[in-house]
Amino acid sequence: MQTLRQIGEALQKAETIAVLSHMRPDGDAIGSAVAVAQVLGKLGKEVTVINQDGVPAALEFLPGASMVKRPIDLKASLQVDVTVILDTASEQRAGDEVWAAFAERGVLVNIDHHISNPAYGDLNYIDAKAPATGEIVFDLIEEMGWPLDEVVRNNIWAGISTDTGSYRYPSTTAHTFEVGAELLQGGVDVGAISQSLYESYPLRRIYVLRDLLKELQISSEGKVASWKLRREVIDRYGVQPSDTEGLIDVIRSVDSVVVAVFFEELEDGKIRVSARSKTPAADVGEICGKFGGGGHQLAAGTRMGGPIDEAAAKFLNSVEQVING
Ligand SMILES: [Mn+2]
């Protein structure tokens, strides 16, 4: 593992840099990638930002979001001195199409806060205590004395805000608030950005929620709550991946619930599983690990084979063993 200064110096030495983050990007994946790309651009580097799925519609409002390209948007294979990968627990999570876009990826710099990250980079900075990769990016910029302009500030704010549930999750530290305070002093408009992040959903999200509520399943005396998003519902409303972001909080926020699980039938028949826990004693990162996934103790995910009812039964069985064991 390297220090932030060593990471910063490696970036400073490079002339051409690619910036990556994980598939199905959330606010932290896009925010930290755009922030890093922006600051490196200001330092005179030639920067390319790629994400397999591009920017979700819900995050297009972020300044600088248009920098993010999908692999199919590239005119030529990428050949760079350094590739920075952010918020991505495993190399595969960047997506095959992203890796196929490279002729030469140079030195791989891995910056992340997922505890399951095996430090797969040539240079690594993994801080599992940081609530968001955006917070690490802030520390890196401050350590190096790099410019913190409006684009950088807003994107780091978006990353921290989304990964901490607006500074509510237990991963939030005093330092997270210090970073937030510095971003505000620099001029982040909290009201506007929060409205764009949390109060600008398409109507179909509420239609999906209506169908999900009919699928609600409660077990272990109310400690486990789950629901299933079926293909039929996705097709009926033209659901986009980002539409369902955060819907799991509806069941997670029930007083008796310890573990909440969201099952979604993907186009290829695989089942996407998102799990949330309220206590490290029910470590959903470990449960997802058993099914080939991973993440944090309190927030994790995996993909399973279908059909959805079978996958859900298997996964919930594992959850209930932990809850009742
Ligand atoms: Mn993150």
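Is D73 buried, exposed or partly exposed? At 35% relative accessibility, D73 counts as partly exposed. The views below come from a predicted model.

**View 1. D73 and R70 form a salt bridge.** The closest N and O atoms of this pair are 3.6 Å apart. D73 has a relative accessibility of 35%, and the limits for partly exposed are 20% and 50%, so D73 falls in between. R70, also with a relative accessible area of 35%, is partly exposed. The whole structure holds 17 salt bridges.

**View 2. K228 and D309 form a salt bridge between distant parts of the chain.** Their closest N and O atoms are 3.3 Å apart. K228 sits in strand β10 (residues 224-229). D309 sits in helix α12 (residues 308-324). In sequence, 81 residues separate the two. K228 has 11% relative accessibility and counts as buried. D309 is partly exposed, with a relative accessible area of 41%.

**View 3. Helix α9 carries a salt bridge between R236 and E232.** Here the closest N and O atoms lie 3.3 Å apart. Both residues belong to helix α9 (residues 231-237). They are four residues apart, about one turn of the helix. R236 is partly exposed at a relative accessible area of 45%. E232 is exposed, with a relative accessible area of 52%. The cut-off for exposed is over 50%, so E232 passes it and R236 does not. A network of salt bridges links R236 and E232 with D211 and K214.

**View 4. Four protein residues donate atoms to the manganese ion.** The donors are D28 (OD), D87 (OD), H113 (NE2) and D163 (OD). They lie 2.1 to 2.3 Å from the ion. Along the sequence, the donor residues follow the spacing D-x58-D-x25-H-x49-D. H113 and D163 link distant parts of the chain, 50 residues apart. H113 is in the loop between β7 (107-112) and β8 (123-126). D163 is in helix α5 (residues 150-163). Both H113 and D163 are buried.

**View 5. Strand β7 pairs with β5 and with β8.** Five bridges join β7 to strand β5 (residues 82-86), and the two run parallel. In this pairing, V84 stands opposite V109 in β7. Four bridges join β7 to β8, again in the parallel sense. There, D112 stands opposite I126 in β8. Why is β7 largely enclosed by the rest of the structure? Five of its six residues are buried, so the strand is largely enclosed.

**View 6. T48 is a buried residue of strand β2.** The strand covers residues 46-50. T48 has a relative accessible area of 18%. Buried means under 20%, so T48 qualifies. Which residues does T48 touch, not counting residues up to four places away in sequence? They are I17, A18, V19, L74 and L78.

**View 7. L11 and I156 touch the most other members of the largest nonpolar core.** This core has 49 residues. Its largest share, eight residues, comes from helix α2 (residues 27-42). Leaving aside neighbours within four places in sequence, L11 is in contact with I17, L40, K45, V82, V84, L140 and W146. Another core, of 21 residues, lies apart from the largest one. Among its members are A282, I287, V319 and I323.

Definitions and conventions
Residues numbered from 1 in each chain as written. Predicted model: local features only at pLDDT ≥ 70, side-chain atom pairs only at ≥ 80, totals over all residues. Heavy atoms only, no water. Donors = N, O, S within 2.8 Å, 3.2 Å for Na, K, Ca; no water. Buried < 20%, exposed > 50% of the residue type's maximum accessible area, 1.4 Å probe, protein only. Pairing = 2+ DSSP bridges. Contact = heavy atoms within 4.5 Å. Core = buried A, V, L, I, M, F, W, Y, C linked by side-chain atoms within 4.5 Å. Salt bridge = Lys/Arg side-chain N within 4 Å of Asp/Glu carboxyl O.
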